[in-house]
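This report describes one protein chain for a reader who is new to structures. It takes up aromatic rings, backbone angles and charged pairs in turn.

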Amino acid sequence: MTDSYRRSGDEIHQQGYAQGFAHGTERGFPPPPPYAPGPAEAAGAAGAPRRARKPVALIAAVALASGLIGGGSAALIAGATTRADQDTVGAPLVNAGKNSGSGVSAVAKAVSPSIVEIKARTTDGESTGSGVVLTRGGEIITNNHVVAGADTVRVTFSDGSRKTAKVVGTDPAKDLALIKVQGAKGLTPASLGDSDRIAVGDGVVAIGSPEGLTGSVTSGIVSALHRDVTVPKEDGRNRQGGPGDGGGWPFEFGGNQYNGDTGSSKTSYKAIQTDASLNPGNSGGALINLQGQIIGINSAMYSPSSANSSTAGSVGLGFAIPINTVKADLDALRGGGSGGNNSGV
C-alpha cells in the first residue's frame with residue numbers, strides 16, 4: 001500500500017509541573033523564579049553556596065544535539081533520493097508535502113519522463129495505449145491488450161522523440177506485456193512503489209495518452225482495493241483506442257459487463273479502483289502515489305454504454321493492476337511470458 005508520510009512533533013507535556021506548581025501555591029510556597037538569582041541576590045545570601053546554571057548548560061546541549069540530528073536527517077534524505085548509476089534505478093522521489101496544493105505538479109514533473117505513448121499496428125488497424133519505462137536500456141511495461149497481435153510497435157517519449165519497440169513477453173492472464181525499445185539508452189526509469197501499503201483515500205496521479213494526447217495528467221484518490229475485475233484474453237479483441245472502439249476496454253465487475261462483450265476467453269485479477277480520470281489510451285500508463293512511485297498499471301475504465309460525443313469519457317471508475325503483481329511477473333515476462341511472445345530482443 002502507498003506509504004503515508006506524516007510528520008508529528010513530539011509533544012512536551014507539562015502537566016506534572018503544572019500540578020506541582022498548583023500544589024505549592026496551596027501550601028503557601030512562592031512560585032519558582034523565572035531566572036537564576038543575580039549577583040546582588042547571591043551576595044545577600046551569606047554563606048550560601050553558588051549553584052551552576054544548569055538550565056543554560058542543558059539548553060546549549062539540546063541545541064547542539066538538535067543540530068546534529070537535523071544534519072543527520074538531511075543526510076539521510078539526500079541519500080534516499082540520490083540516483084546511482086544503475087539500469088533499474090528510478091526517477092527521484094517527490095516530497096509532495098513541500099509543494100502547494102496536492103503535490104500533483106511535482107509528481108507530474110518527476111514522473112512524466114518515464115511515461116510513454118504506445119502505438120501498436122495490426123492487420124486490423126492501430127491502437128493507442130501507454131507504457132512505463134522500467135530500465136535505462138528500454139524495457140517498458142504495458143497492458144497485454146495494448147500490444148496483443150501487433151505487427152509493429154512505436155513508442156513516443158515525453159520529449160517527442162519516437163523509436164521502434166519489440167514485444168519481449170506477454171501474460172494475457174494478468175493483462176501485462178513487456179516491450180523493449182531498440183537502440184535505447186539513458187532513459188529515465190520509473191520508481192516502483194509497494195501496492196500492498198496503499199490505503200483507500202490515498203491521493204494518486206494518473207499519467208498516460210488518452211486519445212493520443214501524450215503525457216496527459218489527472219489526479220484523484222484510491223477509491224477501493226482488491227476489486228475483482230475480469231477482462232478478455234483474446235489477442236487484438238476490442239483493444240483500447242483501436243479502430244471501431246466505442247469506449248473503454250471491455251471488462252466485467254460484480255457479474256455485469258461494461259464497455260462491450262468480454263467474450264468467452266477471459267481472466268480476472270485484483271485491481272486498485274481509482275476516481276482519477278482514465279480514458280481510452282490510458283491503458284498501460286501509470287497510477288502514481290504522491291511520493292512519485294508507481295503503484296499500479298492502469299488497465300480498465302468504465303464508459304457509459306450509451307456514450308456519444310457529448311457523454312463519452314471517464315466517469316470516475318478506473319482500475320489498475322497493482323505494481324506488486326507486475327514486479328512478481330517481470331522475470332517471466334523477460335523470458336517470453338505465458339503468452340510465449342519472446343521476440344529475442
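Tyrosine 258 is partly exposed, because its relative accessibility of 23% falls between the limits for buried and exposed. Tyrosine 302 is also partly exposed, with a relative accessible area of 22%. The model is a predicted one.

**The chain as a whole**

The chain has 345 residues, and 41% of them count as buried. Its secondary structure consists of 6 helices and 15 strands. Take the contacts between residues at least 6 apart in sequence: 69% of these join residues at least 24 apart. The accessible surface of the chain is about 17,900 Å², and carbon and sulfur atoms account for 53% of that surface.

**Aromatic rings**

A pair of aromatic rings is described by the distance of the centres and the angle of the planes. The chain has 4 aromatic pairs. One of them is formed by tyrosine 258 and tyrosine 302, with 5.3 Å from centre to centre and 90° between the planes, an edge-to-face arrangement. This pair links distant parts of the chain, as the two residues are 44 residues apart. Tyrosine 258 belongs to strand β11 (residues 256-258), while tyrosine 302 sits in the loop between β14 (293-301) and β15 (318-322). Both tyrosines are also members of one aromatic cluster, together with Phe251, Phe253 and Phe319.

**Backbone angles**

Most residues other than glycine have a negative phi. Which value does phi take in glutamate 211? Phi of glutamate 211 is near 55°, which is positive. This residue is found in the loop between β8 (203-208) and β9 (216-232), and glutamate 211 is exposed, with a relative accessible area of 60%. Histidine 226 has a positive phi as well, near 60°. Histidine 226 lies in strand β9 and is exposed, at 53% relative accessible area.

**Salt bridges**

Side chains of opposite charge can pair when their charged atoms come close. The structure holds 7 salt bridges. The table gives three of them, including the distance between N and O atoms.

| Residue | Partner | N to O distance |
|---|---|---|
| Glutamate 117 | Lysine 119 | 4.0 Å |
| Arginine 121 | Glutamate 126 | 3.3 Å |
| Lysine 270 | Aspartate 228 | 2.8 Å |

Is glutamate 117 buried or exposed? Glutamate 117 counts as buried, because its relative accessibility is 4% and the limit for buried is under 20%. Its partner, lysine 119, counts as partly exposed at 27% relative accessibility.

In the salt bridge between arginine 121 and glutamate 126, arginine 121 is partly exposed, with a relative accessible area of 42%. Glutamate 126 counts as partly exposed too, at 29% relative accessibility.

The salt bridge of lysine 270 and aspartate 228 joins two strands: lysine 270 lies in strand β12 (residues 266-274) and aspartate 228 in strand β9, so the pair ties together parts that are 42 residues apart in sequence. Strand β9 is also where histidine 226 lies. Lysine 270 is partly exposed, with a relative accessible area of 45%, and aspartate 228 counts as partly exposed at 42% relative accessibility. Elsewhere, Glu139, Asp331 and Arg334 are joined into one network by salt bridges that share partners.

Terms used
Residues are numbered from 1 along each chain as its sequence is written. This is a predicted model: local features need pLDDT of at least 70, side-chain atom pairs count only at pLDDT 80 or more; totals for chains, interfaces and linings use all residues. Side-chain values use heavy atoms; hydrogens and water are left out. Helices (H or I, at least four residues) and strands (E, at least two) are DSSP runs, numbered from the N terminus. Buried means under 20% relative accessible area, exposed over 50%, partly exposed in between (1.4 Å probe, protein chains only). Contact means heavy atoms within 4.5 Å. Accessible areas come from the Shrake-Rupley method with a 1.4 Å probe; for residues, only the protein chains shown count as cover. Rings of Phe, Tyr and Trp (its six-membered ring) pair if their centres lie within 6.5 Å; planes under 30 degrees apart count as stacked, over 60 as edge-to-face and the rest as tilted. A salt bridge is a side-chain nitrogen of Lys or Arg within 4 Å of a carboxyl oxygen of Asp or Glu.
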